Amino acid sequence: MEIRIEGVEKDFGDYPALRAVDLTIARGELVALLGPSGSGKTTLLRAIAGLSNPDRGRILFDSEDATTLSVQERRVGFVFQNYALFKHLTVADNIAYGLKVRPRRTRPSRAEIAERAARLLEFVQLDGLGARYPAQLSGGQRQRVALARALAIEPRVLLLDEPFGALDARVRKDLRRWLRDVHRQTGLTTVFVTHDQDEAMELADRVVVLDKGRIEQIGTPDELYDRPASPFVLSFVGEALALPVQVADGKVIFQGKELHVSSENLRNGPARVYFRPADIALHGGQIGALEGRVEAVRRTAAGLRASISIPGYDQTVEVDTDDRVGTTLGSSVPLSLNNVRIFSTAAEETLGDGAGI
Amino acid sequence: MSASTQIVKRKARSFPAPSVIPGFRATFGFTLFYLSLVVLFPLSMLVIRASELGLAGLYGVAVEPRVAAALRTSFFISFAAAAIDVVFGLVTAWVLTRYEFPGRRFLDAIVDLPFALPTAVAGIALAALYAPNGWLGEPLADYDIKIAFTRWGILVALVFVGLPFVVRTVQPLLAEIDVELEEASATLGASRAHTVWRVLLPPILPALLTGFALAFARSVGEYGSVIFIAGNLAYISEIAPLLIIVKLEQFDYAGATGIATIMLAISFAVLLAINLIQAWSQKRFGHV
């Protein structure tokens, strides 16, 4: 089923939790809502589920306006961060819950319910554990029970709130791969919330990056890495370093020297040059506009890694090199930058791409 | 080798199982001593006194029509009052834990008033309120409903004194229930009523039973608040504790202790039964 979100806004008191959110999620797509805490990602997910109502805007399931539907009527599979399993019910009863509560007309027979619960247990690889209570399961197993319970009602969409948030790193990795499989097998339109960019990038077809209740960018993992739309996306998705610069008449000035990066369409005034740690390198040739001081050198498996401080910049950068001679401690070295992106500090919007110094 | 097996043997025999956390012996001894001094010793005096009657004499006291009527009044009305308290107490606890509203803390404090008030004060207040010329008694009298000086009066007084027990036992458990459980139930298609019945009530059932037992026990022993509102008509609205006083005033010590012993036995049986149900429900619903 397709989910269309049109101009959804939500305030918590004075705090705008969602602002003018427009988003279309295609049938069968696996989408991640990514953002720091307080970015509104969980609020958006809950609005889709009907667990909270947006103040403005509407949410459509295919062409049906879901905004007026109650939680029960929306038939969404929702998986909570802390599983929200019913502790007094066995695993099998937990899974069957959504079927047992149906009105008599649409309720499957007792035998059919039991059979479907057993099949779902098998599907989530927990066959034989149906008689246990949630307290007797590990975190990863509980999460799978929660998923089986959500799938039991044959949901129209599957929504997961930080599905792996409470699990340790190893289990997370396994479950991630497993969730991908589940998605492939069920073909359900799936939306999950995460603050972990690795998780979002690894799992999702498309990632929606949210910050302060706004959508910062929607794109495939490739697009987010290669063409981040804002400084926020750039630094949230992967590591990024930023040099404060001045733009004047098409020139980009750092510490009084011109950086040879393209500055088309840049407004005069303060700006920042962003680059990934991998895109800074020791430059074999003469001293250019950007230079640093070698603060420390360490041996790595492949070669050397130098910590280099850049005057006027308060962080040291780590650069891999194999030049033993050029990196004596305390010496000045020329640096080159690739794939830089420049954002005006004032407006914080993308204005120019750079191709290197 | 032999030394180690010896140690193992000694460990197996020792009581209680050895633990790195000390203090069992001291606290267990203290508990036994105090329970004996405060509870068992006085109660055994009661039983010894009653044994002077002998079983036949005890039976004779129990079947005395006035005594039987008073015992029935006491236990049945206490049971009814505790049952009513379970419903009201649960709703009250729900409102106090689930919702934020102005005056919540104030309301929360009011719940404890029946605990704190001298019971006679409560009795006088209730009697004044429900008397035929009282604020509530007068309009009710227009509909031919009499509360004060009838069995209904006893019920009202017992509901009043028992309420805090249910509220205070249920409250912490309600506060612990995650709202997400209700949301999960709703996303799975369950109606609100179904959610309350299947998701919210089971985990708090043991606490509800405890609250019921406490309210019931308190009601059976309640004296002060009841005698002012009950009217104390023999065979109709006379409670067993009052009858004990009456017997004492007539210097019928054997009769008084006889009634007391019978009350003790019935109370113990009821509480034991509730405890067993509770243990069962804990096993059934208490998986945490």
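**Exercise 1. Find the loop that holds Tyr83(A), and describe the residue's backbone and burial.**

*Step 1.* Start with the secondary structure: Tyr83(A) sits in the loop between β6 (76-79) and α3 (91-100) of chain A. Helices (H or I, at least four residues) and strands (E, at least two) are DSSP runs numbered from the N terminus.

*Step 2.* Now look at the backbone: phi of Tyr83(A) is near 70°, a positive value in a residue other than glycine.

*Step 3.* Finish with accessibility: Tyr83(A) counts as buried at 9% relative accessibility. Buried means under 20% relative accessible area, exposed means over 50%, and partly exposed lies in between (1.4 Å probe, protein chains only).

A word on the model before we go on. This is a predicted model in which local features need pLDDT of at least 70 and side-chain atom pairs count only at pLDDT 80 or more, while totals for chains, interfaces and linings use all residues. Residues are numbered from 1 along each chain as its sequence is written, chains are lettered from A and ligands numbered from 1 in the order in which they are written, and side-chain values use heavy atoms, with hydrogens and water left out.

**Exercise 2. Carry out the same analysis for Glu162(A), starting from its loop.**

*Step 1.* Glu162(A) belongs to the loop between β7 (157-161) and α6 (169-186) of chain A.

*Step 2.* Its phi is positive, about 40°, although Glu162(A) is not a glycine.

*Step 3.* With a relative accessible area of 7%, Glu162(A) is buried.

**Exercise 3. Put chain A into a wider frame: its elements, its extent and its annotated domain.**

*Step 1.* Count the elements: chain A has nine helices and 21 strands.

*Step 2.* Take the extent: the C-alpha trace of chain A spans about 80 × 45 × 30 Å along its principal axes.

*Step 3.* Add burial: of the 357 residues in chain A, 51% are buried.

*Step 4.* Turn to the record: an unreviewed UniProt entry places "domain: ABC transporter" at residues 3-237 of chain A. UniProt positions are given in the numbering used here, feature names are shortened, and annotations may be inferred rather than shown by experiment. Over residues 3-237, chain A is 37% helix and 26% strand, with end C-alpha atoms 25 Å apart.

**Exercise 4. Compare the settings of three salt bridges: Arg4(A) with Glu6(A), Arg119(A) with Glu115(A), and Glu182(B) with Arg192(B).**

*Step 1.* Fix the rule: a salt bridge is a side-chain nitrogen of Lys or Arg within 4 Å of a carboxyl oxygen of Asp or Glu. By this rule the count comes to 35 over all chains.

*Step 2.* Arg4(A) and Glu6(A) meet at 3.3 Å, N to O. Arg4(A) is partly exposed at 29%, and Glu6(A) is partly exposed at 24%.

*Step 3.* Arg119(A) and Glu115(A) meet at 3.4 Å, N to O. These two residues are separated by about one helical turn because they are four residues apart in helix α4 (residues 110-123) of chain A. Arg119(A) is partly exposed at 48%, as is Glu115(A) at 47%.

*Step 4.* In chain B, the closest N and O atoms of Glu182(B) and Arg192(B) are 2.9 Å apart. Glu182(B) lies in helix α10 (residues 179-187) and Arg192(B) in helix α11, so the pair ties together parts that are ten residues apart in sequence. Glu182(B) counts as buried at 9%, whereas Arg192(B) is partly exposed at 43%.

*Step 5.* Look for shared partners: salt bridges join Glu2(A), Arg4(A), Glu6(A), Arg58(A) and Asp65(A) into one network.

**Exercise 5. Which stretches of chain B does UniProt annotate as "transmembrane region", and what is the secondary structure of residues 75-97 and 253-277?**

*Step 1.* The unreviewed entry gives residues 20-48, 75-97, 109-129, 149-167, 199-217, 223-246 and 253-277 of chain B.

*Step 2.* Residues 75-97 of chain B are 100% helix and 0% strand, and their end C-alpha atoms lie 32 Å apart.

*Step 3.* Residues 253-277 of chain B are also 100% helix and 0% strand, with the end C-alpha atoms 36 Å apart.
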